[in-house]
Amino acid sequence: MTPPWYVLLVAATGVQRLRELATSARRERGLVGQRAAARSYPLMVAVNVGLFTLPLLETAVLRPRRSRTGAAASITLLAAATALRWWSMHSLGRWWNVRAVVPDDLEPIQDGPYRFIRHPNYLAVIVEFAALPAAAGAWRSMLLLSALNGAVLVDRIRAEERLLERNSAYRRGVGRRARFIPGLF
């Protein structure tokens, strides 16, 4: 049986994502630009739906073992990742959107978490894909969903960076920063 606290955690995270979709839809209306990796967006949506269903199924059917310490560590990571994602969204302001529309009039953001890395929002999502299933010991879901999410993100980040590199201010300022971990790559 899936623990009730885990159902609430998944539901709260899902409600957050639905609110973000509504925010993104409002912001996209005024954007003029190109979408990065538009063909893989439906796969990204499917993988995100999986994030909110597969761990619940795994915990209900397979009843994985979990520890309180592991759950607490995973929930702490999830909270940190959520805070990083919100900080990223706030820093991008009107330009943040889930479809990765790169505006023609882009002014590269160089504050908030973007002072340190190029893709803090994607880093947050990567951590969430590990932390949310791990909180209930859904290791199979964590591994499968993280691998699928990684495949989608590789395509999306490459396409997004191709569009961003067209902007000379981005190339000079942000383009030299590490993608995910300061000082690496």
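Which residues does S24 touch, not counting residues up to four places away in sequence? They are W96, N97, V98 and R99. S24 has its place in helix 1, and S24 is buried, with a relative accessible area of 0%. Keep in mind as you look around that this is a predicted model.

**Helix 1 and helix 3**

Let us stay with the helix that holds S24. Helix 1 covers residues 4-29, and it packs with helix 3, residues 68-92, at an angle of about 10 degrees. The axes of helix 1 and helix 3 are 13 Å apart. Angles under 35 degrees count as roughly parallel, and helix 1 and helix 3 are therefore roughly parallel to each other.

On the helix 1 side, the residues that meet helix 3 are W5, L9, T13, Q16, R17, E20 and R27. Their partners in helix 3 are A71, I75, L78, T82, R85, W86 and M89. Sorted by class, the residues of the contact of helix 1 with helix 3 are 7 nonpolar, 3 polar and 4 charged.

Helix 3 also holds S74. S74 is buried, with a relative accessible area of 8%. Setting aside residues up to four places away in sequence, S74 touches A131, A134 and A135.

**Rings to look for**

W5, one of the helix 1 residues that meet helix 3, has a ring partner as well. The count of aromatic pairs comes to 1. In this pair, the ring centres of W5 and Y6 are 5.7 Å apart and the planes stand at 80 degrees, so the pair is edge-to-face. How do the two residues stand with respect to the surface? W5 is partly exposed, with a relative accessible area of 35%, whereas Y6 is buried, with a relative accessible area of 0%.

Another ring to find is that of Y41. R35 lies over the face of Y41, at 5.6 Å from the ring centre.

**Helix 2 and helix 5**

Y41 leads us to the next pair of helices. Helix 2 spans residues 41-61 and helix 5 spans residues 139-164. The axes of helix 2 and helix 5 come within 9 Å and cross at roughly 170 degrees. Angles over 145 degrees count as roughly antiparallel, and helix 2 and helix 5 are therefore roughly antiparallel to each other.

Helix 2 brings Y41, L43, M44, V47, G50, L51, L54, P55 and E58 to this contact. Helix 5 brings W139, R140, S141, L144, L145, L148, N149, V152, L153 and R156. By class, the contact of helix 2 with helix 5 has 13 nonpolar, 3 polar and 3 charged residues.

**Two residues with positive phi**

Most residues other than glycine have a negative phi. Here are two with a positive value, each in a loop beside helix 2.

| Residue | Phi | Place | Relative accessible area |
|---|---|---|---|
| A37 | about 55 degrees | loop between strand 1 (33-35) and helix 2 | 14%, buried |
| R63 | near 45 degrees | loop between helix 2 and helix 3 | 58%, exposed |

**The loop before helix 4**

Last, turn to the loop between strand 2 (101-103) and helix 4 (120-134), where R115 lies. Y114 is found in the loop between strand 2 and helix 4 too. Are these residues buried or exposed? At 7% relative accessibility, Y114 counts as buried, while R115, at 44%, counts as partly exposed.

Leaving aside neighbours within four places in sequence, Y114 is in contact with S88, S91, L92, I109, P120, N121 and R177. R115 touches W87, Q110 and R177, not counting residues up to four places away in sequence. R177 thus appears among the contacts of Y114 and among those of R115.

Two distances help to place this loop within the fold. R115 and G173 are 58 residues apart in sequence and 9.4 Å apart in space, C-alpha to C-alpha. Y114 and V15 are 99 residues apart along the chain, and their C-alpha atoms are separated by 26 Å.

Notes:
Residues numbered from 1 in each chain as written. Predicted model: local features only at pLDDT ≥ 70, side-chain atom pairs only at ≥ 80, totals over all residues. Heavy atoms only, no water. Axes fitted to C-alpha atoms, helices over the stretch in contact; angles between N-to-C directions. Helix = DSSP H or I, 4+ residues; strand = E, 2+ residues; numbered from the N terminus. Parallel < 35°, antiparallel > 145°, perpendicular 65-115°, else oblique. Contact = heavy atoms within 4.5 Å. Nonpolar A, V, L, I, M, F, W, Y, C, P; charged D, E, K, R; others polar. Buried < 20%, exposed > 50% of the residue type's maximum accessible area, 1.4 Å probe, protein only. Phe/Tyr/Trp six-rings, centres within 6.5 Å; stacked < 30°, edge-to-face > 60°. Lys NZ or Arg CZ within 6 Å of the ring centre and 35° of its normal.
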